[in-house]
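The following report describes a molecular structure for a reader who is new to the subject. Please consult the sequence and the model while reading.

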Amino acid sequence: MAKLGRGVLKFLLVILLVIDLYPIIWLLLSSFKKEAEFIKPMYMLPEGLHWQNYSVAISQAHLGTLFKNTVIVTCTSIVFVWLFSATAAFAVTKMKWRWSKMMLHYITMGMFIPAFVLLLPQFLLLQKTHLLNSLAGLIVIFISTSIPMSFYLLTGFYKYLPDEILEAAVMDGCDIYRCFVKIAIPLSLNGAVTVIMLAFVNIWNDLLISQTFVSSNTNKLLQVGLASFIDDRGNRDWGPTFATICAAVLPTLALYLVLNRKIIDGLSAGAVKG
Amino acid sequence: MEKVLRDKKAILLFMLPAVLVYTAFVFFPMCQSIYFTFFEGTPNVDFEFVGLQNYAKLFHDVNFKESFLTTMQYFLVTGGGWVILGLAVALMLQYGMKRFSNLSRTIIYLPVVIPGVAAAALFSKVLEVTPTYGLVNSLLDLLGLEQFIRGWTGDSSTAMWMVCLVDLWKGIGYYTVIFYAGLVNVPTDLEEAARIDGAGRLTVIRKIVLPLLKPVTVMCVVLAIMNSLKVYDMPVVLTDGGPGRTTTVLSIYMYKTAFTKWQYGYGSTIAVVLLILILVLTQAVMRFERKDGK
């Protein structure tokens, strides 16, 4: 009886896994279909590898520019997000000062603020500082909105850093800066990876913020470009459309497949400790 | 040791970058948003103080009420689905598939990392009906179920359900992974003790595992509330708030009011109301946890 129950569970899970994977595999396969193949039923396999879809996508959707912009914005932002959050989290958890608790709550509160509440004032602020429509403006906004979550996760990781190690270092003559760089950072590498990955995925996948603050074609980001491409040509050029979607998906997918243990473990750790 | 840890200059240096950026671009803008709700017009051009008029306008706004209900539907169906189905899948993983659990978790979490825009674009093709059948419709055709073929995202009776379902597909993995982490931490000796005392599998789950999972459940519910109420990517790309206004959730309504109609004051009001809704709901959930004294 128990065996039957377990069999049913396995079966349901396999169905779920198929539902999770099949659309993505279908996406990949369809991106290689020639235009004429789309008259045939959708679940058929492609007849060959029609790479032209990708070259059309690159030229018509300006994938090169979109990619370049998104890479610049995302990579710059995650570096600063980690740096700023790590130092602040260290100061709040390991150092002793009167307002550390208050600062913890102050910054963590930002996690509850949804992005769209800030759009209008941020728009006006960027306008005033002439950062509207620029990659730098996007970077600043992404850094500020990613800090609360990263800060919160890092405080969780730093809390588990044993104070004895820091004490031993201080006794050996380390000043606080060396303590941070030589001890805190190496010991919390797991936390750093989790935070950077989370920030990367959130920024790379973002639509709302990148759409609001940049409208010029030279500075557009990938997801915004994808959305307008779908709007323009979604109904006609199916092949290039699928190729563009693939291009938007591939980086995060690849990163995920390489680092998935770290990401899932980091998320799980944060959930259980927090 | 103490002196090192109290080094004021170091504390300042460590805190300043984050605090500065956060205050200037998050905290201060939030205060400004609330301030804006008492005005109407375009800032720096013709902003005039209207007191609570924007809030009064909300009560009579049919569009607002419609968007509110749409958002609530999304919150209950997708938000609720995330938590309940996420837990169910985590339980299935724990009790049904221990051996391949890592591979399963990787596949289940996969849709979460896909950009919302890409997922919406992908599924708009999956659900397509003209000019050719998309994946779903051609499979229905294959199985001889032609009567079910329809324009899933173009039909006002099914459009919102499609948005809910696609986002459900995309988000379940996130909650499953969190629940699974909590499940794995349930001490096995407790379960075994109950089993020895004669409790069946389901009873063990109900009386021991679920209560021990409470903190994780609360966290998931809070996350689901936040994520479902601020949904934007999916309905915008899949159906652009349509057909008509059937999928215009509050965030889309706010965006269109503020950035296409340039009604900054009213747009801020919608945003602030949504913020209050999120805060009220999350506080209620967290208070519920504290009340049960864990």
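## A buried helix in chain B

In α13(B), the buried residues are L250(B), S251(B), I252(B), Y253(B), M254(B), Y255(B), T257(B) and A258(B). A residue is buried if 20 or more other C-beta atoms, placed from the backbone, lie within 10 Å of its own. Helix α13 of chain B covers residues 250-259, and 8 of its 10 residues are buried, so this helix is largely enclosed by the rest of the structure. Helices are DSSP runs of H or I with at least four residues, strands are runs of E with at least two, and both are numbered from the N terminus.

This is a predicted model, in which local features need pLDDT of at least 70 and side-chain atom pairs count only at pLDDT 80 or more, while totals for chains, interfaces and linings use all residues. Residues are numbered from 1 along each chain as its sequence is written, and chains are lettered from A and ligands numbered from 1 in the order in which they are written.

## Chain B as a whole

Chain B contains 14 helices and 2 strands. Of its 294 residues, 44% count as buried. The C-alpha trace of chain B spans about 75 × 75 × 35 Å along its principal axes.

## Where the chains meet

In the contact between the chains, 78 residues of chain A touch 81 residues of chain B; two residues are in contact if their C-beta atoms, placed from the backbone, lie within 7 Å. Helix α1 of chain A (residues 2-30) gives the most to chain A's side, with 13 residues. By class, that side has 57 nonpolar, 14 polar and 7 charged residues. Here Ala, Val, Leu, Ile, Met, Phe, Trp, Tyr, Cys and Pro count as nonpolar, Asp, Glu, Lys and Arg as charged, and the others, Gly among them, as polar.

The axes of helix α3 of chain A (residues 63-94) and helix α2 of chain B (residues 8-36) come within 8 Å and cross at roughly 125 degrees. Axes are lines fitted to C-alpha atoms, for helices over the stretch in contact, and angles run from 0 to 180 degrees between N-to-C directions. α3(A) and α2(B) are therefore oblique to each other, given that angles under 35 degrees count as roughly parallel, over 145 as roughly antiparallel, 65 to 115 as roughly perpendicular and the rest as oblique. Among the residues of α3(A) in this contact are F84(A) and F90(A), and those of α2(B) include F14(B) and P17(B). The contact of α3(A) with α2(B) comprises 11 nonpolar, 2 polar and no charged residues.

Terms used
A residue is buried if 20 or more other C-beta atoms lie within 10 Å of its own, exposed if 12 or fewer, and partly exposed in between; C-beta atoms are placed from the backbone.
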